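The following exercises ask the reader to work through a protein structure step by step. Each task is followed by its solution.

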Amino acid sequence: MRPHPKPQPFPLDTLTVNRAGPEHLSRQLYHGLVAIIRSRALPPGSELPSTRALAAELGLGRNTIVAAYDQLVTEGYLANRQGARPVIVDLPEGPRESPREEPPAPLRQPSLRGQLLLSQPYHHGRPGHVAFHPGMPDAGSFPFGVWGRLVARRASHGGETLFGTYDVTGHPALKEAIAGYLFSARGVRCRPEQIVVTTGAQAAFDLLARLLLDPGDTVWMEEPGYYGAKAAFTVAGAKILPIPVDHERGWHLDPPDFSPRLIYVTPACQHPLGITMRMEERLRLLDVAETANSWLIEDDFDGEYRFQGRPVPAIQSMDRSGRVIYVGTFAKLLFPALRLGFMVLPPELAGRIVNALSTTGQFAPLLLQAALADFITEGHMSRHLKRMRRIYAQRRQLFRDIVTERLRDEITLSPAEAGIQVVGYLREGIDDIKVSQAAAKRAINVSPLSKYFQNTAPTQGLVLGYAACDAAQMRDGVERLAVAIRDVLG
């Protein structure tokens, strides 16, 4: 049995309270008592003064002392005894601060998967730096008045169905609306039950990578290609094999040496090059996937913004074996911060996906989903999309004219067919990473093209988003970019 400690005088002089301070007096007293206990100024088993005695000594109300003591009992610093004063609990000493001259012990490293996750690229820009962030739509043209009314209406009349964690695969009304929209706009054939609403396309890639890939599996994907999808597959432990893509030959679909478990493409608007996959290539890709028994992820990147002819049908519309997974997002159609995307799964996979969603928590707020369903079914999205296509077509041409006029000796713009960004190839000898860093110092947000390569020699260029900029912002941004390039060249 632990001997009862020898009574020691209570160190009253170490307790101070500031009646003019912002913190409540009971919290000040609590912090002071914790310091006494943790420093072992009183040994474990020592009695604290009665609440009446301490209140009288400090000139405080008894309720203030009681509140501090009660919190210490709740947290386990003190033990109450019936009819007696509380005593200090014998706590482990816990970690001690190292002397200043000793270096701190190194922290344990994350897992190998965690280290891979922490090493992936990040490119989300900064507020106000709209020139020339790739993939950034013009939020200023979005009908926020209409959107605000729809959200408020749903919030007022949503009932309990919109405020719980129900319908984890997506709000039924939104899934119905997406199915109808995809059939009319992209030729996608699906039932609402095959649609899963996600918190953006990246959340879909992360979930699919964990669901479909084992460490060591092969993923066949475009190069240059979307680094967000590549990051999700890499963290899942996949080996990435390139599908070379260029403006002259399109997709080089010679089957790789190792049969891919999964194939990833952006056929409607190749990211970052902006070209569209021809029907011959689509059919050949489906044939390769059939032969290898591969999953095929069709990322409909910027498929809505095609400036030559009508948007082309999705590969999913030609799938007869249930292997194509179609992924889309509302980030470019509406605004990125909405964080709503979706995927269309083959029926067999869709029937079991609810368990994975429940485990990962990757499901979107129902209130926003319900408002978006109204936005689509009431015709607001089709009107907004029609308007933005017209605006972006004008801005696209203006941007090309300004860049060609001001930077013709440094940048050659690609003949992109679709999308709200364009690749500018840099003159030989100009480093795109250095240019992007120099541009960032001048509040210009560009993405180096070399970042989109992993397995082959990178091409030096910049991925330039023009959609969020009006004419004045374009001219100012191009001028700043010209200064950045000049600085890199010395």
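**Exercise 1. A residue in a loop**

Task: Locate A139, classify its exposure, and state how far A139 lies from W295 in sequence and in space.

Solution. A139 is found in the loop between α4 (112-118) and α5. The structure is a predicted model, and the values used here are computed from it. The relative accessibility of A139 is 33%. Partly exposed residues fall between the limits of 20% and 50%, so A139 counts as partly exposed. Along the sequence, A139 and W295 are 156 residues apart. In space, their C-alpha atoms are 35 Å apart.

**Exercise 2. Two helices, α7 and α8**

Task: Determine how α7 and α8 are oriented to each other and which residues make their contact.

Solution. The first step is the geometry. Helix α7 comprises residues 201-212 and helix α8 residues 227-235; their axes are 8 Å apart and the packing angle is about 25 degrees. The second step is the classification. Angles under 35 degrees count as roughly parallel, and α7 and α8 are therefore roughly parallel to each other. The third step is the handedness: α7 passes α8 in a right-handed crossing. The fourth step is the contact itself. From α7, the residues Q202, F205, D206 and A209 take part, and from α8, G228, A229, A232 and F233. Sorted by class, this contact of α7 with α8 has 5 nonpolar, 2 polar and 1 charged residues.

**Exercise 3. Two helices, α1 and α3**

Task: Carry out the same steps for α1 and α3.

Solution. The axes of α1 and helix α3 (residues 62-75) come within 8 Å, and they cross at roughly 50 degrees. An angle from 65 to 115 degrees would be roughly perpendicular, and one under 35 degrees roughly parallel. The two helices, α1 and α3, are therefore oblique to each other. The crossing in which α1 passes α3 is right-handed. On the side of α1, the contact is made by L25, S26, R27, L29, Y30, L33 and V34. On the side of α3, the contributors are T64, I65, A67, A68, Y69, Q71, L72 and E75. By class, the contact of α1 with α3 has 10 nonpolar, 3 polar and 2 charged residues.

**Exercise 4. Aromatic pairs**

Task: Count the aromatic pairs, then classify the pair of W147 and F335 and the pair of F330 and F342.

Solution. Rings pair if their centres lie within 6.5 Å. By this rule the count comes to 18 aromatic pairs.

For W147 and F335, the ring centres are 6.3 Å apart and the planes stand at 80 degrees, so the pair is edge-to-face. W147 lies in helix α5 (residues 144-157), whereas F335 lies in the loop between β9 (324-329) and β10 (341-344), so the pair ties together parts that are 188 residues apart in sequence. W147 is buried, with a relative accessible area of 8%. F335 is buried as well, at 13%.

For F330 and F342, the centres are 5.5 Å apart and the planes stand at 55 degrees, so the pair is tilted. F330 belongs to the loop between β9 and β10 and F342 to strand β10, so the parts that this pair ties together are 12 residues apart in sequence. Both residues are buried: F330 has a relative accessible area of 3%, and F342 one of 4%.

A further group deserves mention. F205, Y226, Y227, F233, Y264, F301 and Y452 form one aromatic cluster. Among them, F205 and F233 also take part in the contact of α7 with α8.

**Exercise 5. Backbone features**

Task: Describe the cis peptide bonds at P224 and P272, and the phi angles of R40 and D167.

Solution. The peptide bond from E223 to P224 is cis, with omega near 0 degrees; P224 lies in the loop between β4 (218-223) and α8. H271 and P272 are likewise joined by a cis peptide bond, with omega about 20 degrees. P272 lies in the loop between β7 (262-265) and α9 (279-292).

R40 is not a glycine, yet its phi is positive, at about 60 degrees. R40 lies in the loop between α1 (25-38) and α2 (51-58) and is partly exposed, at 33% relative accessible area. D167, also not a glycine, has a positive phi of about 45 degrees. D167 is found in the loop between α5 and α6 (172-186), and at 36% relative accessibility it counts as partly exposed.

Technical notes
Residues are numbered from 1 along each chain as its sequence is written. This is a predicted model: local features need pLDDT of at least 70, side-chain atom pairs count only at pLDDT 80 or more; totals for chains, interfaces and linings use all residues. Side-chain values use heavy atoms; hydrogens and water are left out. Axes are lines fitted to C-alpha atoms, for helices over the stretch in contact, and angles run from 0 to 180 degrees between N-to-C directions. Helices (H or I, at least four residues) and strands (E, at least two) are DSSP runs, numbered from the N terminus. Angles under 35 degrees count as roughly parallel, over 145 as roughly antiparallel, 65 to 115 as roughly perpendicular and the rest as oblique. A crossing is left-handed if the near helix is turned anticlockwise from the far one by less than a right angle, and right-handed if clockwise. Contact means heavy atoms within 4.5 Å. Ala, Val, Leu, Ile, Met, Phe, Trp, Tyr, Cys and Pro count as nonpolar, Asp, Glu, Lys and Arg as charged, and the others, Gly among them, as polar. Rings of Phe, Tyr and Trp (its six-membered ring) pair if their centres lie within 6.5 Å; planes under 30 degrees apart count as stacked, over 60 as edge-to-face and the rest as tilted. Buried means under 20% relative accessible area, exposed over 50%, partly exposed in between (1.4 Å probe, protein chains only).
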